[in-house]
Amino acid sequence: MSRIGNNPIAIPEGVTIDVKENVVTVKGKLGELTQEFSGVAIKIEDGQAWVTRPSDSIDSKSKHGLYRSLVLNMVEGVSKGWTKELELVGVGYRASHQGQKLDLALGFSHNIVLDIAPEVKIETSSEKGKNPIIKLTSFDKQLVGQVAAKIRSFRKPEPYKGKGIKFVGEQLRRKAGKSA
């Protein structure tokens, strides 16, 4: 029995869910998202969306909670949006943006210039005495996570000093250095 899949999805005001054949479309004030689905049925009744499975087959059970979570993330995205914050820890690490281009100085011989998808809004802030922060905002949770993971992959945090790009609030597993 799927505990997640059985829960209803509350549809806030200003959000519409449209189900046609095997495609669900969610529209809201921030944007529009579509998702294909199979093995489950999506019904909309009095301000709530329900994801049901036709049988108790292994395939249907595995997709039940998955598609419910995907639709919930779409509803939250088009109504509130998703945000990820990255922190650059290290001497001389800098981040700046010009439109949709992110310029990262991470200790390599050249700066890394990354084109960000137009659906993702980017902000960079660097205060004196604090680490630079990159803030990514979008209505698509998957896209924000993908862009954040791409940025983090340029310089993952290392376990000895913690230098690198990490998520704000992320706890790093630290190692002891050499002991004399």
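**Burial, contacts and ring geometry in a predicted model**

Modeller: A search of the whole structure, which is a predicted model, finds one aromatic pair.

Biologist: What makes the pairing of phenylalanine 37 and tyrosine 67 edge-to-face?

Modeller: The ring centres of phenylalanine 37 and tyrosine 67 are 6.4 Å apart, and a pair is accepted when the centres lie within 6.5 Å. Their planes stand at 65°, and because angles over 60 degrees count as edge-to-face, that is the label the pair receives.

Biologist: How do you know that this pair links distant parts of the chain?

Modeller: Phenylalanine 37 sits in the loop between β4 (32–36) and β5 (41–45), whereas tyrosine 67 belongs to helix α1, and the two are 30 residues apart. Both phenylalanine 37 and tyrosine 67 are buried.

Biologist: Helix α1 also holds serine 60; how do you know whether serine 60 is buried or exposed?

Modeller: The relative accessibility of serine 60 is 4%, and since buried means under 20%, serine 60 counts as buried. Leaving out residues up to four places away in sequence, serine 60 touches Gly39, Val40, Arg53, Pro54 and Ser55.

Biologist: What makes the approach of the serine 60 side chain to glycine 39 a polar contact?

Modeller: The side chain of serine 60 reaches the backbone oxygen of glycine 39 at 3.4 Å, and the limit for a polar contact is within 3.5 Å, so the pair meets the distance criterion.

Biologist: Serine 138, in strand β12 (residues 133–138), is another serine to consider; why is serine 138 called buried?

Modeller: Serine 138 has a relative accessible area of 6%, and because the threshold for buried is under 20%, serine 138 falls in that class. The side chain of serine 138 reaches the backbone oxygen of glutamate 119 at 3.1 Å, and, apart from neighbours within four places in sequence, serine 138 is in contact with Gly81, Trp82, Glu119, Val120 and Val144.

Biologist: Tryptophan 82 appears in that list; what makes lysine 141 a charge over the ring of tryptophan 82?

Modeller: Lysine 141 lies over the face of tryptophan 82 at 4.5 Å from the ring centre, and the distance part of the criterion asks for a value within 6 Å. Arginine 155 is placed over the face of phenylalanine 108 at 4.3 Å from the ring centre.

Biologist: Why is threonine 52 called partly exposed?

Modeller: Threonine 52, in strand β6, has a relative accessible area of 27%; because buried requires under 20% and exposed requires over 50%, threonine 52 is assigned to the class in between. Not counting residues up to four places away in sequence, threonine 52 touches Val40, Ala41, Lys43 and His64.

Biologist: How do you know whether glycine 5 is buried or exposed, and which residues does glycine 5 touch?

Modeller: Glycine 5, found in the segment before β1 (9–10), has a relative accessible area of 1%, and is therefore buried. Glycine 5 touches Val51, His64, Gly65 and Arg68, again without residues up to four places away in sequence. Glycine 5 and arginine 68 are 63 residues apart in sequence, yet their C-alpha atoms are 5.5 Å apart in space.

Biologist: What makes the backbone of glutamate 21 worth a remark?

Modeller: Glutamate 21 has a positive phi of about 50° although it is not a glycine. Most residues other than glycine have a negative phi. Glutamate 21 is found in the loop between β2 (16–20) and β3 (23–27), and its relative accessibility of 78% is over the 50% limit, so glutamate 21 counts as exposed. Aspartate 46, in the loop between β5 and β6 (48–52), also has a positive phi, near 30°, and aspartate 46 is exposed, with a relative accessible area of 75%.

Biologist: For the protein as a whole, which has two helices and 13 strands, why is it called more spread out than a compact globule?

Modeller: Its radius of gyration is 21 Å, while the globule rule gives 16 Å for 180 residues; the computed value is well over that figure, so the protein is more spread out than a compact globule. The C-alpha trace spans about 65 × 45 × 25 Å along its principal axes, and 34% of the 180 residues count as buried.

Technical notes
Residues are numbered from 1 along each chain as its sequence is written. This is a predicted model: local features need pLDDT of at least 70, side-chain atom pairs count only at pLDDT 80 or more; totals for chains, interfaces and linings use all residues. Side-chain values use heavy atoms; hydrogens and water are left out. Buried means under 20% relative accessible area, exposed over 50%, partly exposed in between (1.4 Å probe, protein chains only). A polar contact is a pair of N or O atoms within 3.5 Å; within protein, one must be able to donate a hydrogen and the other to accept it, and residues adjacent in sequence count only if both atoms are side-chain atoms. Contact means heavy atoms within 4.5 Å. Rings of Phe, Tyr and Trp (its six-membered ring) pair if their centres lie within 6.5 Å; planes under 30 degrees apart count as stacked, over 60 as edge-to-face and the rest as tilted. Helices (H or I, at least four residues) and strands (E, at least two) are DSSP runs, numbered from the N terminus. A charge sits over a ring if NZ of Lys or CZ of Arg is within 6 Å of the ring centre and within 35 degrees of the ring normal. The radius of gyration is taken over C-alpha atoms; the globule rule is 2.2 Å times the number of residues to the power 0.38.
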